[in-house]
Amino acid sequence: MMLALGMFVFQLQTLPYQSLQRDVDYRWPSNSRVGLRPAMQFLGVNEEKIVLSGSLLPEITGGRLSLLALNLMADEGRAWSLLDGSGTIYGMFVINSVSETHSEFFADGSAMKIDFTVSLTRVDESLTAMFGDIERQAESLVGNVQSKIGGLF
């Protein structure tokens, strides 16, 4: 597994991307001051975007059905969890766009090569907001286990 967006897994048989570009913008508005440099103020994270791009060779890799699956996910208008094969959790992302370019055709008109680009934008506030306070969850779990063990004796 290269990457998973919700239940869709990017891998050789589906959409093996060759490029992953991640951009995170931060908000730093400035206020003009007389005789001084503008004063800058950090307001926080703005947008986080990920763009996946690659080329499909439908005889070897995934093809139109994999792209159709992503388009159907985008049509739902939902946010999907994004994590990679090493276990990195990126957060909750929406699919902004799926573009594809078909080239080098077979006699029946099907493409030998499909170049694709998938654009994603993060919509959750933070991993803490997404998963909650892990310490509180652990304490609650330990408390539940202790109460059940205590009830057995």
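The following paragraphs describe the fold, the helix α1, a salt-bridge network and some surface and strand features of a predicted model.

Residues are numbered from 1 along each chain as its sequence is written, and side-chain values use heavy atoms, with hydrogens and water left out. Because the model is predicted, local features need pLDDT of at least 70 and side-chain atom pairs count only at pLDDT 80 or more, while totals for chains, interfaces and linings use all residues.

The protein contains 3 helices and 9 strands, where helices (H or I, at least four residues) and strands (E, at least two) are DSSP runs numbered from the N terminus. Read from the N terminus, the elements follow the order β-β-β-β-β-β-α-β-β-β-α-α. Of the 153 residues, 25% count as buried; here buried means under 20% relative accessible area, exposed over 50%, and partly exposed in between, with a 1.4 Å probe and protein chains only. About 10200 Å² of the protein is exposed, and carbon and sulfur atoms supply 55% of that area. Such areas come from the Shrake-Rupley method with a 1.4 Å probe, and for residues only the protein chains shown count as cover. Among contacts (heavy atoms within 4.5 Å) between residues at least 6 apart in sequence, 61% join residues at least 24 apart.

Helix α1 makes a friendly place to begin. Its 12 residues (residues 64–75) should span 16 Å at 1.5 Å a residue, and the end C-alpha atoms are indeed 16 Å apart, which agrees; the expected span is 1.5 Å times one less than the number of residues. Ser-66, Leu-67, Leu-70 and Met-73 are the buried residues in α1. Seen down the helix axis, the buried residues fall within an arc of 115 degrees, so they line one face of α1, the arc being that of the directions from the helix axis to the C-beta atoms. An α-helix has 3.6 residues a turn, so residues three or four places apart point the same way. The cover over the buried residues of α1 includes β1 (3–5), β2 (8–10), β6 (44–56), β7 (80–84), β8 and β9 (111–122). On the face turned away from this buried side, α1 carries the exposed residues Arg-64, Leu-65 and Asp-75. Just after the helix, Gly-77 takes a positive phi of about 70 degrees. A positive phi, of about 50 degrees, is also found at Glu-104, although Glu-104 is not a glycine; Glu-104 belongs to strand β8 (residues 89–105).

Turning to charged side chains, the count comes to 5 salt bridges, each defined as a side-chain nitrogen of Lys or Arg within 4 Å of a carboxyl oxygen of Asp or Glu. One of them joins Glu-48 to Arg-22, with the closest N and O atoms 2.9 Å apart. Glu-48 lies in strand β6 and Arg-22 in strand β3, so this pair ties together parts that are 26 residues apart in sequence. Glu-48 is buried, at 7% relative accessibility, whereas Arg-22 is partly exposed, at 46%. Glu-48 also forms a salt bridge with Arg-122, where the closest N and O atoms are 3.1 Å apart. This second pair links distant parts of the chain, since Glu-48 in strand β6 and Arg-122 in strand β9 are 74 residues apart. Arg-122 in turn bridges to Asp-124, with a closest N and O separation of 2.9 Å, and Asp-124 is buried, with a relative accessible area of 16%. Through shared partners, salt bridges join Arg-22, Glu-48, Arg-122 and Asp-124 into one network.

Strand β6 also holds Val-51, which is partly exposed at 24% relative accessibility. Not counting residues up to four places away in sequence, Val-51 touches Ser-19, Leu-20, Gln-21, Thr-117, Val-118 and Ser-119. The C-alpha atoms of Val-51 and Thr-117 are separated by 6.8 Å, although the two residues lie 66 residues apart along the chain.

In strand β4 (residues 30–33) sits Ser-30, partly exposed at 45% relative accessibility. With residues up to four places away left out, Ser-30 touches Pro-38, Ala-39 and Met-40. Its C-alpha atom is separated by 6.5 Å from that of Gln-41, 11 residues apart along the chain.

Met-40 appears again on the surface, where Tyr-26, Trp-28, Met-40, Phe-42 and Val-45 form a nonpolar patch with about 560 Å² of accessible area together. Patches are made of residues with over 30% relative accessible area and no salt bridge, like charges being joined within 9 Å and nonpolar side chains (Val, Leu, Ile, Met, Phe, Trp, Tyr) within 5 Å. Tyr-26 lies in strand β3 (residues 19–27) and counts as partly exposed, at 49% relative accessibility.
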